[in-house]
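Hi,

Here is the structure I promised to pass on. Have a look at it first, then read my notes below.

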Amino acid sequence: MAVGKILSSIFETDFLEFSFGFRPGLGCHDALRTLNTIIMTKKTNWVVDADISGFFDHVDHSWMMKCLEVRIKDRKLLRLIQRMLKAGIMEEESIRQTEQGTPQGGTISPVLANVYLHYVLDLWFEKRLKKQYKGQTHMVRYTDDFVCCFQSEGEARNFLLQLENGSRSLTWRYS
C-alpha cells in the first residue's frame with residue numbers, strides 16, 4: 001500500500017483530466033457526469049465505447065517499467081516494483097510465475113494501471129490523435145474502460161483502425 005501511495009503522489013499531477021479510475025477524489029460517477037456533459041454540450045455524433053479485455057492480466061512488464069522510469073529515478077524503488085510485478089500468483093497452494101500482468105487484487109495494481117494507460121493510451125489520444133483530427137474529439141477513461149466521442153464518422157472509424165493496428169498483446173471490445 002505504501003508503494004501505491006508513493007506512486008500516486010508522483011504521478012497524480014501528470015494524469016489527464018479525462019482519467020477517472022482509482023484516483024483520489026474521483027470515481028465512476030464523476031466519469032459518467034463528464035461523459036454526459038460531453039455528449040450533451042459538444043459536437044458528438046459518433047461514440048466508441050471500448051474495454052481492454054484482460055488488461056490487468058496482460059500488462060507488459062518491460063513497458064510498465066519504461067513508463068515508471070519516466071518519473072522515477074530511484075533504482076531501489078523500481079526494483080521493488082519489478083519484484084511486485086513478478087511475485088507470481090498462488091493457485092491451489094502452488095505459485096505460478098508471472099511474466100506479464102499486475103498483481104491480482106494488489107493494492108498497487110490500480111495506480112500501475114493508471115500509469116501504464118496514461119502513457120500508452122491517454123497521451124497517444126491527447127497529443128497525437130486529437131491533433132490529427134479536424135472535428136471535436138473527447139475521451140473519458142475509467143481504468144481499462146473508455147469512451148471516445150467524435151464529431152465525424154470517418155475519424156471514429158479511423159480511431160478504431162488505429163486501436164486495432166497499434167495493439168499486439170491487448171484485445172479490444174467495442175460497442
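Before we start, one bit of vocabulary: a residue is buried under 20% relative accessible area, exposed over 50%, and partly exposed in between (1.4 Å probe, protein chains only). Another: helices (H or I, at least four residues) and strands (E, at least two) are DSSP runs, numbered from the N terminus.

Please keep in mind that this is a predicted model, where local features need pLDDT of at least 70 and side-chain atom pairs count only at pLDDT 80 or more, while totals for chains, interfaces and linings use all residues. Residues are numbered from 1 along each chain as its sequence is written, and side-chain values use heavy atoms, with hydrogens and water left out.

**Helix H7**

Let's begin with H7, which covers residues 153-166. Its 14 residues should span 20 Å at 1.5 Å a residue (the expected span is 1.5 Å times one less than the number of residues), and the end C-alpha atoms are indeed 20 Å apart. Which residues of H7 are buried? They are Glu-155, Ala-156, Phe-159 and Leu-163. Seen down the axis, these buried residues fall within an arc of 105°, so they line one face of the helix; the arc is that of the directions from the helix axis to the C-beta atoms. Arg-157 and Asn-165, on the other side of H7, are exposed. At the N-terminal end, Ser-152 acts as a cap, with a side-chain oxygen 3.2 Å from the backbone nitrogen of Gly-154.

**The nonpolar cores**

In soluble globular proteins, nonpolar side chains tend to be buried together. A nonpolar core here is a set of buried Ala, Val, Leu, Ile, Met, Phe, Trp, Tyr and Cys residues joined through side-chain atoms within 4.5 Å. The largest one has 40 residues, and Phe-159 is one of those with the most contacts inside it, a group that also includes Leu-7, Ile-72 and Phe-146. Among the elements giving two or more residues to this core are H1, E5 and H7, but H6 gives the most, with 10 residues. Ile-72 is in contact (heavy atoms within 4.5 Å) with Leu-7, Ile-10, Phe-11, Leu-77, Leu-78 and Ile-81, leaving aside its neighbours within four places in sequence. Another core, of seven residues, lies apart from the largest one, and Phe-20 and Val-140 are among its members.

**Loops worth a look**

Where is Ser-19 found? It sits in the loop between H1 and H2, and is buried, with a relative accessible area of 0%. Its side chain makes a polar contact with the side chain of Arg-141 at 2.9 Å. (A polar contact is a pair of N or O atoms within 3.5 Å; within protein, one must be able to donate a hydrogen and the other to accept it, and residues adjacent in sequence count only if both atoms are side-chain atoms.)

Phe-22 is in the loop between H1 and H2 too. Phe-22 has a positive phi, near 55°, without being a glycine, and is partly exposed at 48%. Thr-143, in the loop between E4 and E5, also has a positive phi of about 55° although it is not a glycine, but Thr-143 is buried, at 4% relative accessibility.

**Cysteines**

How many disulfides does the structure hold? Zero, counting a disulfide as a pair of cysteine sulfur atoms within 2.5 Å. For Cys-67, the nearest cysteine sulfur, that of Cys-148, is 18 Å away. Cys-148 has its closest cysteine sulfur in Cys-149, at 7.4 Å, too far for a bond.

Cheers
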